[in-house]
Amino acid sequence: MASSSDLENPNTIASLPYSYAPLPDREQPTADEPTVVLHPKKTAIFLVCAFLSVAFLVTLMAGNGHVVIKNLTTNVAPSTVETPTKTTPMSRGVDKGVSEKSFRAFLGADNSYPWNSNMLGWQRPAFHFRPEKNWMNDPNGPVFYKGWYHLFYQYHPDAPVWGKIVWGHAVSKDLVNWQHLPIAMETDQWYDEQGVWTGSVTILPDGQLVVLYTGSTNESVQVQNLAYPADPSDPLLIKWVKYPGNPVLVPPPGIDLKDFRDPTTAWKTPEGKWRITIGSKVNKTGISLVYDTEDFKTFELLDGVLHAVPGTGMWECVDFYPISKQDENGLDTSVDGPGVKHIVKASMDDDRNDYYAIGTYDAYKGKWKPDNPALDVGIGLRYDYGIYYASKTFYDQNKQRRVLWSWIKETDAEASDISKGWASLMGVPRTILLDKKTQTNIIQWPVEEINSLRTNVTVFKNLELEAGSLVPLNLPAASQLDIVAEFELDERTVLRLNGGEVAYECAKNGGAGTRGALGPFGFSVLAHEGLIEHTPVYFYVAKGVDGNLKTFFCADQSRSSTATDVDKSIYGNIVPVLKGEKLSMRILVDHSIVESFAQEGRTCITSRVYPTKAIYNNAQLFLFNNATAATVTASVSVWQMKSAKI
């Protein structure tokens with residue numbers, strides 16, 4: 001996590017010649033050798049500051065302004081613009097009984113943006129897992145087995161759109177570099193003829209593995225099936241066997257035939273049985289059914305449900321796991337006791353977001369209840385306030401941690417995905433812990449192995465940003481970055497301001513172009529030199545009538561691209577900030593995906609962005625303070641990120 005060691009005092013100092021101007025060109029640092037910039041605390045040239053402030057504000061508010069700060073040289077080869085084929089995106093998945101797999105914003109739209117091969121080629125990430133080609137969605141059955149991390153995933157091997165789904169399979173030694181393996185399970189039985197859908201792995205006491213997965217039958221009925229490795233001694237788990245007695249579960253009375261899917265990893269009951277939960281709904285009430293078993297072949301449906309929340313609709317990809325109240329380690333799914341809370345998470349088919357809640361589990365009754373009913377599943381906290389769905393955790397016994405995977409969908413037009421030949425990513429795997437300071441939320445943070453890709457760090461220490469400031473950060477490249485920053489508001493300004501009613505919402509208040517006394521301030525990533533395209537990731541602080549501050553963490557995609565057929569939403573939410581804490585954020589930039597973490601992972605936002613100009617050597621990073629009153633001091637470390645082997 002972000003710490004003072006990430007922002008330590010530099011050994012080599014290069015001072016800025018004046019305030020709020022382009023940082024001077026420097027030789028590119030060698031690996032592991034930090035380049036450091038110390039920013040003076042006093043403004044030297046008022047006119048430069050004023051010019052950049054006005055230009056930045058106009059650009060943010062207009063969305064199409066032009067700010068020329070410095071000339072850039074590019075090494076991008078010219079590409080012939082292709083005349084696009086006009087297509088009308090179709091709905092995919094709903095008629096088969098799963099959530100919509102096409103991006104809803106463009107259903108029925110007429111795609112006509114002239115994408116070319118350079119633009120589309122740039123979008124492919126460098127260190128996020130993705131298929132070699134074609135379509136991918138939900139992560140399935142992640143597990144550590146005989147020295148290898150395994151990731152199975154929903155895969156359509158024939159096209160970069162959702163279709164007849166099989167289980168793709170890849171393995172890794174470090175959760176960063178991946179080797180693709182043959183398809184693990186095909187649609188070769190009547191009970192999964194329409195799709196081998198989402199499932200989970202359970203490790204038995206003897207170290208053996210079993211898989212429960214949802215199959216869509218030849219009549220599109222959702223049933224649960226059992227599979228296991230053909231050769232348990234094979235650490236790569238190449239071949240799988242489906243139980244001859246499948247299906248082992250069918251929809252119970254009162255449950256629609258297409259509303260019964262995504263079994264969880266099993267956990268032990270006090271009686272020594274295994275227990276799973278499966279997502280469903282009754283009318284508009286989202287529910288998680290509970291089953292006990294001794295052999296994964298015969299199951300007993302418990303009375304009632306693990307949990308239900310009216311008005312939340314179908315629950316997909318339910319997850320259930322323990323989390324320690326004191327320790328910094330993750331817990332095996334079967335762990336219970338007085339020092340343990342339990343998380344229930346569900347992916348909401350109605351709004352395509354992943355919600356979680358912290359609560360108490362009664363193992364004898366098979367019931368769970370939230371600690372705070374106002375923050376119940378589906379109406380309270382989310383894993384991520386951007387593009388993040390169908391997530392799945394697993395207990396990594398190798399490093400005693402709970403690791404979170406998630407599907408990151410495309411938010412462009414389907415025609416673009418067909419042109420580039422692939423669709424969808426996995427988010428960077430994250431660790432999950434209970435926030436020991438607040439006790440009311442979890443903390444998510446990229447697994448430590450991601451740091452192995454860091455190289456060529458550049459440090460900017462104590463940059464003082466007056467209201468309206470814009471600072472281009474001079475970097476050798478800006479498409480693959482790991483950014484860690486701390487911010488401090490001028491306390492005198494904060495104390496002097498009168499409070500008011502706080503009604504700010506990231507999505508409804510105009511993004512980074514809406515100015516307040518104490519924000520917004522942060523970074524513009526994947527920015528073009530004239531800010532024709534840029535994606536601000538920022539804090540917005542508001543002072544209430546009681547004098548307390550509320551802090552919002554936002555990502556503004558409204559100006560991320562000049563293309564007309566991509567998502568330009570503004571995402572974000574409030575982030576808890578405790579007394580004495582500095583504001584901190586970490587941003588992973590990897591071409592068309594940007595993952596942002598505030599306050600060491602209390603609030604997270606994943607963005608998909610598709611710039612047409614801010615690509616290759618034309619991508620830049622800016623630091624800004626668009627507040628009207630407060631001065632902000634920032635300390636920043638930026639690493640270039642190497643490409644993973646995927």
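**Exercise 1. Find the volume of the largest pocket, then work out what lines it.**

Step 1: the volume of the largest pocket comes to about 680 Å³. A pocket here is an open set of points on a 1 Å grid over the protein atoms alone, where a 1.4 Å probe fits, with protein on both sides within 12 Å along at least five of seven lines. Points are joined across faces, edges and corners, and the volume is the space filled by probe spheres set on them.

Before going on, keep in mind that this is a predicted model: local features need pLDDT of at least 70 and side-chain atom pairs count only at pLDDT 80 or more, while totals for chains, interfaces and linings use all residues. Residues are numbered from 1 along each chain as its sequence is written, and side-chain values use heavy atoms, with hydrogens and water left out.

Step 2: look at the lining, meaning residues with an atom within 4 Å of a point. The largest pocket is lined by 21 residues, and Glu491, Val494, Leu549, Gly580 and Glu581 are the closest to its centre.

Step 3: ask which elements give two or more residues to this lining. They are strand S29 (480-489), helix H4 (491-496), strand S31 (535-543) and strand S32 (549-556). Helices (H or I, at least four residues) and strands (E, at least two) are DSSP runs, numbered from the N terminus.

Step 4: sort the lining by class. You get nine nonpolar, five polar and seven charged residues. Nonpolar covers Ala, Val, Leu, Ile, Met, Phe, Trp, Tyr, Cys and Pro; charged covers Asp, Glu, Lys and Arg; the others, Gly among them, are polar.

**Exercise 2. Decide whether Pro131 is buried or exposed, and list what it touches.**

Step 1: locate Pro131 in the loop between helix H2 (117-122) and strand S3 (134-145).

Step 2: check the accessibility. Pro131 counts as buried because its relative accessibility is 0%. The cut-offs for relative accessible area are under 20% for buried, over 50% for exposed and partly exposed in between (1.4 Å probe, protein chains only).

Step 3: list the contacts (heavy atoms within 4.5 Å). Leaving aside residues up to four places away in sequence, Pro131 touches Arg124, Met136, Tyr155, His180, Ala423 and Ser424.

**Exercise 3. Put the strands of the five-stranded open sheet in order.**

Step 1: the order reads S6-S5-S4-S3-S23, with mixed pairing. Two strands pair if DSSP finds at least two bridges between them.

Step 2: pick out the edges. Strand S6 (179-185) and strand S23 (422-423) each pair on one side only.

Step 3: zoom in on one pair. Strands S4 (148-156) and S5 (166-172) run antiparallel, joined over seven bridges, and Phe152 sits opposite His169 in S5.

**Exercise 4. Describe how strand S28 (469-473) is covered.**

Step 1: five of its five residues are buried.

Step 2: split them by face. Ser469, Val471 and Leu473 are on one side, with Leu470 and Pro472 on the other. That fits a general pattern: in a regular strand, side chains alternate between the two faces of the sheet.

Step 3: find the partner. S28 pairs with strand S37 (620-625) in the antiparallel sense over five bridges, and Leu470 has Phe624 as its bridge partner.

**Exercise 5. Explain why Asn283 counts as exposed, and give its phi.**

Step 1: Asn283 lies in the loop between strand S12 (274-282) and strand S13 (285-293).

Step 2: Asn283 counts as exposed because its relative accessibility is 69%.

Step 3: its phi is positive, about 55 degrees, although Asn283 is not a glycine.
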